[in-house]
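Work through the exercises below with the structure open beside you. Try each task before reading its solution.

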Amino acid sequence: YLCQYQRVGSVVTVSGHVDVDPTLAVTDTKLGISLPVASNFGAVGDCAGTAASLAIAGQCAAILADAANDRAIMEWKSGDVTNQAMYFTFTYRVL
């Protein structure tokens, strides 16, 4: 899906949604998200945000920096194995 972002100086805020389809329920699930403006992450705290599903009660995710791949990563415990939309927002600095 198309997402949107806003850059003010060296700070970028991104929001949008993705469809996720985990293969196992109640398991660690990760999804890498490309950055609209490239950054050189050095620590997990260089990016932060959250995501949630409207359809699965309590299904939420943390978004943090993936320093090894210079992207954002969404991590959560999957609530079930059906395809669901996750709505997200995260912020990071261009380093």
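The exercises cover strand pairing, the nonpolar core, salt bridges, one threonine and the cysteines of a predicted model.

**Exercise 1. Strand pairing**

Task: Trace how E1, E2, E7, E4 and E5 pair, and give a bridge partner for each pairing.

Solution:
- Step 1. Start at strand E1, residues 4–8. E1 pairs with E2 in the antiparallel sense over 5 bridges. Gln6 stands opposite Thr13 in E2.
- Step 2. Check the connection. E1 and E2 form a hairpin with 2 residues between them. In the turn, Gly9 has a positive phi of about 65°.
- Step 3. Move from E2 to E7. The two run antiparallel and are joined by 10 bridges. Val12 faces Tyr92 in E7 as one opposite pair.
- Step 4. Go on from E7 to E4. This pairing is antiparallel too, over 6 bridges. Here Ala48 stands opposite Thr91 in E7.
- Step 5. Finish with E4 and E5, antiparallel over 5 bridges. Thr50 has Ala62 in E5 as its bridge partner.

**Exercise 2. The nonpolar core**

Task: Find the members of the largest nonpolar core that touch the most other members, then list the contacts of Phe88.

Solution:
- Step 1. Recall the general trend. In soluble globular proteins, nonpolar side chains tend to be buried together.
- Step 2. Take the core of 20 residues. Cys47, Ile63, Met74, Met86, Phe88, Phe90 and Tyr92 touch the most other members.
- Step 3. Map the core onto strands. E2 (11–20), E4 (47–52), E5 (60–66), E6 (71–77) and E7 (84–93) each supply at least two of its residues.
- Step 4. Zoom in on Phe88. Leave out residues up to four places away in sequence. Phe88 then touches Cys3, Val14, Ser15, Gly16, His17, Val18, Thr50, Ala51, Ile63 and Met74.

**Exercise 3. Salt bridges**

Task: Locate the salt bridges and classify the partners as buried, partly exposed or exposed.

Solution:
- Step 1. Search the whole structure. There are 2 salt bridges.
- Step 2. Take Asp28 and Lys77. Their closest N and O atoms are 2.7 Å apart. Asp28 lies in strand E3 (residues 28–33) and Lys77 in strand E6, so this bridge ties together parts that are 49 residues apart in sequence. Asp28 and Lys77 are both exposed.
- Step 3. Take Arg71 and Asp66. The closest N and O atoms of this salt bridge are 2.8 Å apart.
- Step 4. Apply the cut-offs: buried is under 20% relative accessible area, and exposed is over 50%. Arg71, at 31%, is therefore partly exposed. Asp66, at 11%, is therefore buried.

**Exercise 4. Thr29**

Task: Describe the surroundings of Thr29 in strand E3.

Solution:
- Step 1. Check burial. Thr29 has a relative accessible area of 13%, so Thr29 is buried.
- Step 2. Find the polar contact. The Thr29 side chain reaches the backbone oxygen of Thr27 at 3.1 Å.
- Step 3. List contacts beyond four places in sequence. Thr29 touches Pro22, Met74, Glu75, Trp76 and Ser78.

**Exercise 5. Cysteines**

Task: How many disulfides does a search of the whole structure find?

Solution:
- Step 1. Run the search. It finds 0 disulfides.
- Step 2. Check Cys47. The nearest cysteine sulfur belongs to Cys3, 13 Å away. The disulfide cut-off is 2.5 Å.
- Step 3. Check Cys60. Its nearest cysteine sulfur is that of Cys47, 16 Å away. Cys60 is in no disulfide.
- Step 4. Add the burial of Cys47. At 2% relative accessibility, Cys47 counts as buried.

Methods. Residues are numbered from 1 along each chain as its sequence is written. This is a predicted model: local features need pLDDT of at least 70, side-chain atom pairs count only at pLDDT 80 or more; totals for chains, interfaces and linings use all residues. Side-chain values use heavy atoms; hydrogens and water are left out. A nonpolar core is a set of buried Ala, Val, Leu, Ile, Met, Phe, Trp, Tyr and Cys residues joined through side-chain atoms within 4.5 Å. Buried means under 20% relative accessible area, exposed over 50%, partly exposed in between (1.4 Å probe, protein chains only). Helices (H or I, at least four residues) and strands (E, at least two) are DSSP runs, numbered from the N terminus. Contact means heavy atoms within 4.5 Å. A salt bridge is a side-chain nitrogen of Lys or Arg within 4 Å of a carboxyl oxygen of Asp or Glu. A polar contact is a pair of N or O atoms within 3.5 Å; within protein, one must be able to donate a hydrogen and the other to accept it, and residues adjacent in sequence count only if both atoms are side-chain atoms. Two strands pair if DSSP finds at least two bridges between them.
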